There are 2 protein chains.
Amino acid sequence: MAGRIAAVSIVEAVASDLRLRIFSGELPSAHALTETEVATSYEVARPTAKASIEKLVAEGLLVRGVHKTARVADLGPESVRDIYLARAYLESEVLRRLAAARTVPTGAVQANRDIAALATGAPLDVVEPDMRFHTSLIDAVGNERISRMYSSLVAEVRLCMSRVQSLHLLDTALIQAEHQKLLELIEAGRGEEAARLLDQHLGRARERLVAAMGGEAGPEADLPSGLANQ
Amino acid sequence: MAGRIAAVSIVEAVASDLRLRIFSGELPSAHALTETEVATSYEVARPTAKASIEKLVAEGLLVRGVHKTARVADLGPESVRDIYLARAYLESEVLRRLAAARTVPTGAVQANRDIAALATGAPLDVVEPDMRFHTSLIDAVGNERISRMYSSLVAEVRLCMSRVQSLHLLDTALIQAEHQKLLELIEAGRGEEAARLLDQHLGRARERLVAAMGGEAGPEADLPSGLANQ
DNA sequence: ACATGTGTACTTGTTAGACAATCGATGAGT
DNA sequence: ACTCATCGATTGTCTAACAAGTACACATGT
């Protein structure tokens, strides 16, 4: 079904294609991914397919227990809140830091220009440049570990996005405007305000996502609750 | 050489034992870990050994390029700064959050009691309860992803610690006192002060670690620089 | 009819052995 | 002494196979 790919590593190539198929929605939530199934469809050996699957399990895109077949992760509203809270933790500190150095990453500027350019296109096309915008901010601090953590969160966000077909999910113009404001605040060295705006920005996106997934809205938009009982 | 272990999964068991051997210093930095070598020493098949090694590579404890043998990660001062900065990002937000809810995790209280109890023992014994203290704080927010990220950072910190034999590295009494102060600030709901104290706490530990590794000190202790050029 | 036990098919965990591709180093030639 | 080629070692991947565990359906008993 899926064509063969040639890259640095076979297991990496298979994993990449599976990733795309998951993000595209071709593989729906809770869809079972048998090792032999993957092996035959990509014409690779079962150990290779196994390694690919385990890679995606490590990334959180698939879940599986011992001796059970891997399934596409089915993320609920709680997971979405977890993911967005983690994003906020990392990114708000990053904004403070960038603002302190008055560093405006060119990649983020370009990404937001791209968002503005497709303002008339399909609403779901905004996801890629939006993620690129945020990732550019993170990468600008040059911390390998933080970048890795964030990209793992981005992968989960994209997974969530692919489960939602509501076209009214995203207000492209608003997103673009808030991104612009964030960049301006960074340039002006106003880190605290940038961090606060980011919290609202992410909180809004989170609640829209939760709503589109059928979950009920959280208590407040900009400061999510949910502290574990000790 | 290493005895066999029986657990849920063989590759997990092998990975765990390798982890311990790395943390204990038995496997020094840049030590090569051949797949066949691991396979024969644990009496497992090579694919199993391979999987264990790849697991540790994913955790950052081992490094390896394509077609090259895995080696124990050799973390330099830059890595230490990256790790501690990432810790600060996560943990400072966690402290603000815990303080807002005035939630003092019992696990952290117990961990700090343990530190106080062994105030007369070997200085390196403080590492385990110290990590437990910080991990308890993180886990208290109940965010699975943040906990996972943090534990990955803790693993790297422990790797660094095992490379350092300087016994004057840690001032147990000071650590214990600062932990106590952190808990009090949380209980009092003074999140900002807690976050600031944490920055100093981690910054001090970081610079001691860097110094013990032979690196030169960073510019300032509580607000590490190192912004990537654009 | 319902609950319970059994059994079979499917899937995963692990192993063995093998071959090609690649990396590192040693040795030969200039 | 320096460059290049050959060789050994190591990894990537495959085929084949067996053991072990899970899940579902079937049959049985109450």
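The following legends describe close-up views of a predicted model containing protein chains and DNA strands. Local features require pLDDT of at least 70 and side-chain atom pairs count only at pLDDT 80 or more, whereas totals for chains, interfaces and linings use all residues; side-chain values use heavy atoms, with hydrogens and water left out. Residues are numbered from 1 along each chain as its sequence is written, and chains are lettered from A and ligands numbered from 1 in the order in which they are written.

**Figure 1. Overall make-up of chain A.** Chain A contains 9 helices and 3 strands, where helices (H or I, at least four residues) and strands (E, at least two) are DSSP runs numbered from the N terminus. Along the sequence these elements follow the pattern α-β-α-α-β-β-α-α-α-α-α-α. Of the 230 residues in chain A, 47% are buried; buried denotes under 20% relative accessible area, exposed over 50%, and partly exposed the range in between, with a 1.4 Å probe and protein chains only. Among the contacts in chain A with a separation of 6 or more, 70% involve residues 24 or more positions apart, a contact being heavy atoms within 4.5 Å. The exposed area of chain A is about 10700 Å², of which carbon and sulfur atoms supply 54%; accessible areas come from the Shrake-Rupley method with a 1.4 Å probe, and for residues only the protein chains shown count as cover.

**Figure 2. The three-stranded sheet of chain A.** The 3 strands form an open sheet in the order β1-β3-β2, with antiparallel pairing. Because β1 (32–33) and β2 (62–63) of chain A stand at the edges with a single partner strand each, one side of each is left without a neighbour in the sheet. Two strands are taken to pair if DSSP finds at least two bridges between them. In chain A, β2 and β3 (residues 70–72) are joined in the antiparallel sense by 2 bridges, and Leu62(A) has Val72(A) in β3(A) as its bridge partner.

**Figure 3. The sheet of chain B.** Chain B has an open sheet of 3 strands, with the order β1-β3-β2 and antiparallel pairing. Its edge strands, β1 (32–33) and β2 (62–63), each pair on one side only. Between β1(B) and β3 (residues 70–72) of chain B there are 2 bridges in the antiparallel sense. The bridge partner of Ala32(B) in β3(B) is Arg71(B).

**Figure 4. Protein surface near DNA strand D.** DNA strand D is surrounded by 18 residues, and the closest are Ile10(A), Arg46(A), Thr48(A), Arg46(B) and Lys50(B); a residue is near a molecule or strand if one of its heavy atoms lies within 4 Å of it. Of the atoms of DNA strand D that come within 4 Å of the protein, 70% belong to sugar and phosphate. The surface near this strand has 5 nonpolar, 6 polar and 7 charged residues. In this classification Ala, Val, Leu, Ile, Met, Phe, Trp, Tyr, Cys and Pro count as nonpolar, Asp, Glu, Lys and Arg as charged, and the others, Gly among them, as polar.

**Figure 5. Polar pairs at DNA strand D.** Arg46(A) places a polar side-chain atom 3.2 Å from a base nitrogen of DNA strand D. An N or O atom in the side chain of Arg46(B) is 3.0 Å from a base oxygen of the strand. The backbone of Glu35(B) has a polar atom 3.2 Å from a phosphate oxygen of DNA strand D. Two or more residues of the surface near DNA strand D come from each of α1 (10–23) and α3 (46–59) of chain A and α3 (46–59) of chain B. The largest share, 3 residues, is given by α3(A).

**Figure 6. Protein surface near DNA strand C.** Among the 18 residues around DNA strand C, those that come nearest are Arg46(A), Lys50(A), Ile10(B), Arg46(B) and Thr48(B). Sugar and phosphate make up 73% of the atoms of DNA strand C within 4 Å of the protein. Phosphate oxygens of the strand lie 3.2 Å from a polar backbone atom of Glu35(A), 2.7 Å from one of Ile10(B) and 3.3 Å from a backbone N or O atom of Ala45(B). The largest share of the surface near DNA strand C, 3 residues, comes from α3(B).

**Figure 7. Surroundings of His179(B).** His179(B) lies in helix α8 (residues 172–187) of chain B and is buried, with a relative accessible area of 0%. Beyond its neighbours within four places in sequence, His179(B) is in contact with Asn112(B), Ile115(B), Asp130(B), Phe133(B), His134(B) and His201(B).

Notes. A polar contact is a pair of N or O atoms within 3.5 Å; within protein, one must be able to donate a hydrogen and the other to accept it, and residues adjacent in sequence count only if both atoms are side-chain atoms.
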